[in-house]
Amino acid sequence: MARDPDTIERDIEQAREALAATLDQLSVKADPKRFVEQGKSSVQEKLSDPRVRYVLIGVGAIVTIALVRKLFR
């Protein structure tokens, strides 16, 4: 079953447009800046939780006390 050249050209053009759209979507999803922004917002969200914040403050205080004790011994 032979197809006429116009139909083949239309099919090729549609395939090109679909491929271009897919590549555009992939470039948006794989943008490194987007990953950095998502990481920043995720960390900020976690640090805004008082339980996490106070645990980190406590760990920082313990580490600081341990370092000061080691320096002055």
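Visitor: What does the radius of gyration of the chain say next to that of a compact globule?

Guide: You set the value against what a globule with that number of residues would have. In this predicted model, the chain has a radius of gyration of 28 Å, whereas a compact globule of 73 residues would be near 11 Å. The box tells the rest: along the principal axes, the C-alpha atoms fill roughly 90 × 25 × 20 Å.

Visitor: How many of the residues are buried, then?

Guide: Burial here means under 20% relative accessible area. Buried residues come to 0% of the 73 in the chain. About 6900 Å² is exposed, with 64% of that supplied by carbon and sulfur atoms.

Visitor: Which elements make up the chain, and in what order?

Guide: Going from the N terminus, you read α-α-α. That's three helices and zero strands.

Visitor: How do I check the span of helix α1?

Guide: Use the rise of 1.5 Å a residue. Helix α1 covers residues 5-29, and its 25 residues should span 36 Å; the end C-alpha atoms are 36 Å apart, so the two agree.

Visitor: And what caps the N-terminal end of α1?

Guide: Look for a side chain reaching a backbone nitrogen there. D4 does the capping, with a side-chain oxygen 3.1 Å from the backbone nitrogen of D6.

Visitor: Which residues make the nonpolar surface patch?

Guide: Start with helix geometry: at 3.6 residues a turn, residues three or four places apart point the same way. Here, V43, L47, V52 and L56 form a patch of about 310 Å². Helices α2 (32-47) and α3 (50-71) each supply at least two of its residues, and V43 sits in α2.

Notes: Residues numbered from 1 in each chain as written. Predicted model: local features only at pLDDT ≥ 70, side-chain atom pairs only at ≥ 80, totals over all residues. Heavy atoms only, no water. Patch = residues over 30% accessible without salt bridge, like charges linked within 9 Å, V, L, I, M, F, W, Y side chains within 5 Å. Areas by Shrake-Rupley, 256 points an atom, 1.4 Å probe, with all protein chains shown as cover. Salt bridge = Lys/Arg side-chain N within 4 Å of Asp/Glu carboxyl O. Helix = DSSP H or I, 4+ residues; strand = E, 2+ residues; numbered from the N terminus. Expected span 1.5 Å × (residues − 1). Polar contact = N/O pair within 3.5 Å; in protein donor to acceptor, adjacent residues only side chain to side chain. Rg over C-alpha atoms; globule rule 2.2 N^0.38 Å. Buried < 20%, exposed > 50% of the residue type's maximum accessible area, 1.4 Å probe, protein only.
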